[in-house]
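Reader: Could we go through this structure together? I should like to begin with the ground rules.

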Amino acid sequence: MSTEPDRGSAVPSAAGGDSGVGAGECGSAVPSASQTEWDGHARWWQEKFTDGVDPEYTEQIIPMVMEHLAGRERVLDIGTGEGQIARALAQAGAEVVGLDLTMAQIRTAHERAGGPVYALAGSDRLPVDSNSFAGAVVCLVYEHIDTLEESLAEVARVLRPRGRLVLILNHPLFQTPNSGLIVDHMIDPPETYWRVGAYLHETATVEEVNKGVHVRFVHRPLSRYVNGMIAAGIDLVAMLELSPPPGFVAKVPEHETDVLGNTPRLLALIGDRRQSTG
Ligand SMILES: C[S@@+](CC[C@H](N)C(=O)[O-])C[C@H]1O[C@@H](n2cnc3c(N)ncnc32)[C@H](O)[C@@H]1O
């Protein structure tokens with residue numbers, strides 16, 4: 001399952017053109033490659049969720065990002081993974097930079113090509129110029145990091161005034177640790193409902209998301225994300241609670257469809273950088 005990074009190979013470079021990667025105020029362009037937890041998850045992620053195999057991406061996430069970043073000529077994809085969102089944005093005509101902390105993801109992003117430039121970087125230290133992007137997307141990344149406020153401050157730094165952030169999360173309320181579908185056979189007829197785990201308490205948990213794949217999640221209440229954006233100078237313009245798309249619901253047993261169709265898996269926070277963040 002694990003994908004060992006090839007430490008001998010060159011770090012994929014985003015240099016070239018006027019991408020601006022590495023020219024920022026954060027010192028050196030690309031940190032040296034070191035293994036992250038996600039090097040071990042990359043193959044699982046790529047096989048199960050990318051390249052058109054996951055309806056949540058094809059029917060929901062990618063169309064939503066395209067809609068909310070339409071017409072933004074320069075976009076940063078933070079925690080880009082193997083680049084599926086970055087490629088879609090590039091195909092629509094945007095100049096896209098994709099950053100990720102994990103070599104095994106960046107390497108595949110390079111192989112899959114399709115327009116964006118990529119570099120290895122963490123979300124709390126973006127190696128790009130201030131005020132240089134008209135849009136940014138962060139999809140299913142912040143629930144894996146400890147440095148939320150620092151990362152939001154970095155997004156605000158690199159966005160131009162009125163630049164737009166599309167932040168997509170596993171829904172912080174409905175997808176708390178120990179949440180899930182319950183079928184109660186003790187009553188007749190059996191009742192199917194969604195149980196929500198502890199919400200207000202902030203916790204880091206490691207969950208086995210697939211056989212042998214243990215992913216670390218940091219649970220925070222929704223207010224941490226909203227207040228973090230506001231404090232960073234990003235004003236909320238929309239909040240989307242998304243019902244799972246038809247392609248997802250079609251795969252679940254019939255007695256679960258009502259409950260799952262009514263329980264958001266994803267939350268999107270759309271925000272625009274304030275004219276002045278001071
Ligand atoms: C669930 S995947 C999502 C990938 C991509 N955003 C997508 O939607 O297809 C999470 C990604 O976040 C990256 N990641 C985790 N911590 C990070 C950090 N501190 N900075 C940048 N990327 C990070 C991982 O390497 C992984 O590629």
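Author: What follows covers the numbering, the sheet, two helix pairs and the ligand. This is a predicted model, in which local features need pLDDT of at least 70 and side-chain atom pairs count only at pLDDT 80 or more, while totals for chains, interfaces and linings use all residues. Residues are numbered from 1 along each chain as its sequence is written.

Reader: In what order do the 7 strands of the sheet run?

Author: The order is E3-E2-E1-E4-E5-E11-E10, in an open sheet with mixed pairing. Strands (E, at least two residues) and helices (H or I, at least four) are DSSP runs numbered from the N terminus, and two strands pair if DSSP finds at least two bridges between them.

Reader: Which are the edge strands?

Author: Strand E3 (117-120) and strand E10 (234-242), each of which pairs on one side only.

Reader: In what sense do E4 and E5 pair?

Author: Strand E4 (residues 133-139) and strand E5 (residues 159-170) are parallel, with 6 bridges. Val 137 has Val 166 of E5 as its bridge partner.

Reader: Which strands does H5 touch?

Author: H5 packs on the sheet against strand E1 (74-78), E4, E5, E10 and strand E11 (266-273). Contact requires C-beta atoms, placed from the backbone, to lie within 7 Å.

Reader: Turning to helix pairs, at what angle do H5 and H6 pack?

Author: Helix H5 (residues 148-158) and helix H6 (residues 222-232) pack at about 45°, with their axes 9 Å apart. Axes are lines fitted to C-alpha atoms, for helices over the stretch in contact, and angles run from 0 to 180 degrees between N-to-C directions. The two helices H5 and H6 are therefore oblique to each other; angles under 35 degrees count as roughly parallel, over 145 as roughly antiparallel, 65 to 115 as roughly perpendicular and the rest as oblique.

Reader: Which residues make that contact?

Author: Among them are Leu 148, Leu 152 and Ala 156 of H5, and Arg 224, Gly 228 and Met 229 of H6. By class, the contact has 8 nonpolar, 1 polar and 2 charged residues. Ala, Val, Leu, Ile, Met, Phe, Trp, Tyr, Cys and Pro count as nonpolar, Asp, Glu, Lys and Arg as charged, and the others, Gly among them, as polar.

Reader: And what is the angle between H2 and H3?

Author: Helix H2 (residues 55-68) packs with helix H3 (residues 84-91) at about 55°, their axes being 10 Å apart.

Reader: Lastly, how many residues surround the ligand?

Author: There are 19, and the closest are Trp 38, Gly 79, Gly 81, Thr 102 and Cys 139. A residue is near a molecule if its C-beta atom, placed from the backbone, lies within 6 Å of it. The shell divides into 8 nonpolar, 10 polar and 1 charged residues.

Definitions and conventions
Two residues are in contact if their C-beta atoms, placed from the backbone, lie within 7 Å.
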